[in-house]
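This report looks at one loop residue and its surroundings, and then turns to the internal cavities of the model.

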Amino acid sequence: MTFDRVTRRRLLQGAGTAALAGLVPQRAFAADTVVGFVYVGSRDDYGYNQAHAAGAAALKKMTGVKVVEEEKVPETDACEKTMESMINLDGASLLFPTSYGYFSPHTLKLAKKYPKARFEHAGGLWTDKDPKNVGSYFGYIDEAQYIAGIVAGYATKSGKLGFVAAKPIPQLLRNVNAFILGAKLSNPNATLQVIFTGDWSMPVKEAEATNSLIDAGVDVVTCHVDGPKTVMENAARRGAMISGYHVNAAPLAPEAYLTGAEWNWEAIYPKFVKMFTSGETIPNFYRGGLKEEIVKVSPYGPKVSEQARKHADEVKAKFMAGSYVMYKGPIKDNKGNTVIAAGTEQGSTAPELESMNYLVEGVIGSTS
């Protein structure tokens, strides 16, 4: 009796591993290193999942590597079942659960159950109390958002920028704050209005938030949601300019597009796989920004002035050299409280930034 991969996965999830032990071939691709990717949304969402899928695609070009992928997997025990089937049916030994909510308890639970497998999670905060076969990796994409903010500051005519956001977690708040801090370099009077939708993929709420921002006079819109397509296309349709996120947004609205902050997983995933297959240990906590090529700034669009390009490129060069710090005190939050004291600098690697819970001065909105 034989089953295709999807059928076997569904059978396994429904009946349990033990019940199907005699029916499914184990480690079907043992000749290759099998790498599994789990996505919370569609792998062609013009956003978060597409960026990871582009990294997975880079692995498919490597000899001796087999990639298995599953999309639209909720942040519930469904992700455990998906990863377990990749291990038991496909022989996966390295897994990339890519969504924030997959980490605890799901990835941590499976790592204890399958100590010989390696789990690399995007965005989780690994500590030395967690299993050693789990790793946490992510990028300081707020560096790229800072550069995009500089460009937005030059482009805005109203001085009003807008940000459609999912959840007020530290990684997202870093993006919001970096964008306005960058914008204030080029436009000291700029403001940034943020609207939280409540979840990573809420197209209706994202469209409503975009319209609300533009109705309030915003003329440059960016976002941090899983699939920016709704925000980008609606903003451009309403006559606003757009700054992309996750991947290059130019195809969505070529004339309205300025620049954006992108992931560069195409460079990082092959690096991780080479480390894994050579027996080198992937660090349990792996971070980096522009200098480490984990993130990048999107190309400039037609509306970006030469002055803006020059300024943005100068700051980007300093990031690439490792000599630039964007969180320099004194910095106040938007309630008037000092969050970074005068004379204090918090570089991208500062532990304090991993627990950011505030919006800086110049941001209109609340984390509550």
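## A loop residue and two cavities

Asn 187 sits in the loop that runs between α6 (170-186) and β7 (191-196), in a model that is predicted. Because its relative accessible area is 17%, under the 20% cut-off, Asn 187 counts as buried. Leaving aside residues up to four places away in sequence, Asn 187 touches Gly 153, Thr 156 and Gly 159. With Gly 153 there is also a polar approach, since the backbone oxygen of Gly 153 lies 3.3 Å from a polar atom of the Asn 187 side chain.

A search of the whole structure finds two cavities of 30 Å³ or more, and their volumes and lining classes are set out below.

| Cavity | Volume | Lining residues by class |
|---|---|---|
| Largest | about 130 Å³ | eight nonpolar, five polar, one charged |
| Second largest | about 100 Å³ | three nonpolar, three polar, four charged |

The largest cavity, with about 130 Å³ of space, is lined by 14 residues, of which Tyr 48, Tyr 100, Phe 138, Trp 200 and His 224 are the closest to its centre.

The lining of the second largest cavity consists of Phe 138, Gly 139, Tyr 140, Ile 141, Asp 142, Gln 171, Arg 174, Asn 175, Arg 287 and Glu 354. Two elements, β5 (134-139) and α6, each give two or more residues to the lining of this second largest cavity, and α6 provides the largest share of that lining, with three residues. The helix α6 also precedes the loop that holds Asn 187.

Key: Residues numbered from 1 in each chain as written. Predicted model: local features only at pLDDT ≥ 70, side-chain atom pairs only at ≥ 80, totals over all residues. Heavy atoms only, no water. Helix = DSSP H or I, 4+ residues; strand = E, 2+ residues; numbered from the N terminus. Buried < 20%, exposed > 50% of the residue type's maximum accessible area, 1.4 Å probe, protein only. Polar contact = N/O pair within 3.5 Å; in protein donor to acceptor, adjacent residues only side chain to side chain. Contact = heavy atoms within 4.5 Å. 1 Å grid on protein atoms, 1.4 Å probe; cavity = no way out; pocket = protein on both sides within 12 Å on 5 of 7 lines; lining within 4 Å. Points joined across faces, edges and corners; volume = space filled by probe spheres on them. Nonpolar A, V, L, I, M, F, W, Y, C, P; charged D, E, K, R; others polar.
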